[in-house]
Amino acid sequence: MSSVKEKINLQNIPKHVAIIMDGNGRWAKSRGEERTFGHKNAINSVRNAINACNEINIPYLTLYTFSSENWSRPHDEVNTLMNLLSETLLLEAEEIFTKGLRLHVIGEVDKLPALVKEQLMNVVELTKDNAKGNLILALSYGSQREILQAVKQISEKVKKGDLQAEDINEHIFEEHLYTKNFPPVDLMIRTSGEVRISNFMLWQIAYAELQFLNILWPDFTKDTFFQCIVDYQNKERRYGKTSEQLEINK
Ligand code: IPE
Ligand code: IPE
Ligand code: MG
């Protein structure tokens, strides 16, 4: 067992970890390669994150795989990313299933190429009874869009008289987000050294611990992930209270 993994307190495992997998292009460029070489080398890191989560029983892992803004990249790059997604799904579907993972997709799935959408839906269907853990892929995902579509759905309900405006609260709002069946994010990790959120889960990270790592996504290992968990466990999550109050309630 890795020595980093041994430091993890299994009684304080985050329920939901979300990762902004960034830095593939720079990783490739630094090797004198095309950006797409970085995307190809990103898949092993995805495996590392999934396996690490599985080993320590983290029930929800969300991976920011393709943002709504990523559609504006060069056509060739978008195509490569979609093809890679498609190939990886085919190759990994069985592994996801045998690991007991249930696949979910959040985002504007209808914008994805028909084949990719179909393959995704097949794996979602195949794994729907799995309960060891949940793997959530954010694809064609933008948090502002997600929030707006929730506002629209809620407005419709109010207009029809199915909901009273004064009854809208955080809980009702959350029921209209793509993530309605998932707990809030406890830990959000971003690789590549950028310290920004890039339109990712703005509502869901309200009280998440944020970790920005100075490594590029293709260099992400299981130990990198375990170290993030150790660092997470060294934080005091106060939710607005004081340290003293938390000590009393221990
Ligand atoms: C993350 O790596 C992958 C996606 C956004 C799809 P990038 O492709 O953004 O790599 P950098 O940030 O340009 O290095
Ligand atoms: C965020 O990375 C999106 C994903 C990791 C899928 P980007 O590389 O697209 O983010 P920006 O453009 O640097 O903010
Ligand atoms: Mg990037």
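T62 has its place in strand β2, which covers residues 60-67. The structure is a predicted model, and the description below starts from this residue before turning to the chain as a whole.

**T62 and its surroundings**

The relative accessibility of T62 is 0%, so this residue counts as buried. Leaving out residues up to four places away in sequence, T62 touches H16, V17, A18 and I19. Its other contacts, with the same exclusion, are I106, I136, F200 and M201.

**Overall form**

The protein contains ten helices and six strands. Its radius of gyration is 19 Å, close to the 18 Å that the globule rule gives for 250 residues, so the protein is as compact as a globular protein of that length. The C-alpha trace spans about 55 × 45 × 35 Å along the principal axes. Of the 250 residues, 49% count as buried. Among contacts with a separation of 6 or more, 75% are between residues 24 or more positions apart.

The accessible surface of the protein amounts to about 13,500 Å², and carbon and sulfur atoms account for 50% of that area. The protein has 30 positive and 34 negative charges, and the mean positions of the two sets are 1 Å apart.

**Strands β3 and β4**

Strand β3 spans residues 101-106. Five of the six residues of β3 are buried, so this strand is largely enclosed by the rest of the structure. β3 pairs with β4 in the parallel sense, over six bridges. Within this pairing, V105 has L137 of β4 as its bridge partner.

Strand β4 runs over residues 133-141 and includes S140. S140 is not a glycine, yet its phi is positive, at about 50°. S140 has a relative accessibility of 1% and therefore counts as buried.

**Strands β5 and β6**

Strand β5 (residues 187-190) and β6 run parallel and are joined by four bridges. One residue pair in this arrangement is M188 with L210, the latter being the bridge partner in β6.

In a regular strand the side chains alternate between the two faces of the sheet. Strand β6 (residues 209-212) shows such an alternation. E209 and Q211 point to one face and are buried, while L210 and F212 point to the other and are not buried.

Q211, in strand β6, has a relative accessible area of 10% and is buried, since the cut-off is under 20%. Not counting residues up to four places away in sequence, Q211 touches L187, M188, I189 and R190. C228, D231 and Y232 are also among the contacts of Q211. The first four of these contacts, L187 to R190, cover the residue range of β5.

**Helix α3 and G38**

Helix α3 comprises residues 35-40, and G38 is found in it. G38 is buried, with a relative accessible area of 0%. Beyond residues up to four places away in sequence, G38 touches N24, W27, A28 and P218. The C-alpha atoms of G38 and D219 are separated by 10 Å, although the two residues are 181 residues apart along the chain.

**Two loop residues**

K99 lies in the loop between α5 (75-98) and β3. Not counting residues up to four places away in sequence, K99 touches N51, N54 and K132. The C-alpha atoms of K99 and I58 are separated by 13 Å, with their positions 41 residues apart along the chain.

Y239 has its place in the loop between α9 (222-233) and α10 (243-248). Phi of Y239 is near 45°, a positive value in a residue other than glycine. With a relative accessible area of 47%, Y239 is partly exposed.

**Accessibility of the residues described**

The table collects the relative accessible areas given above.

| Residue | Relative accessible area | Class |
|---|---|---|
| T62 | 0% | buried |
| G38 | 0% | buried |
| S140 | 1% | buried |
| Q211 | 10% | buried |
| Y239 | 47% | partly exposed |

S140 and Y239 are both non-glycine residues with positive phi. S140 is buried, whereas Y239 is partly exposed. S140 belongs to strand β4, whereas Y239 sits in a loop.

Methods
Residues numbered from 1 in each chain as written. Chains lettered and ligands numbered in written order. Predicted model: local features only at pLDDT ≥ 70, side-chain atom pairs only at ≥ 80, totals over all residues. Heavy atoms only, no water. Rg over C-alpha atoms; globule rule 2.2 N^0.38 Å. Buried < 20%, exposed > 50% of the residue type's maximum accessible area, 1.4 Å probe, protein only. Contact = heavy atoms within 4.5 Å. Areas by Shrake-Rupley, 256 points an atom, 1.4 Å probe, with all protein chains shown as cover. Lys, Arg positive; Asp, Glu negative; His and termini not counted. Charge placed at Lys NZ, Arg CZ, Asp CG, Glu CD. Pairing = 2+ DSSP bridges.
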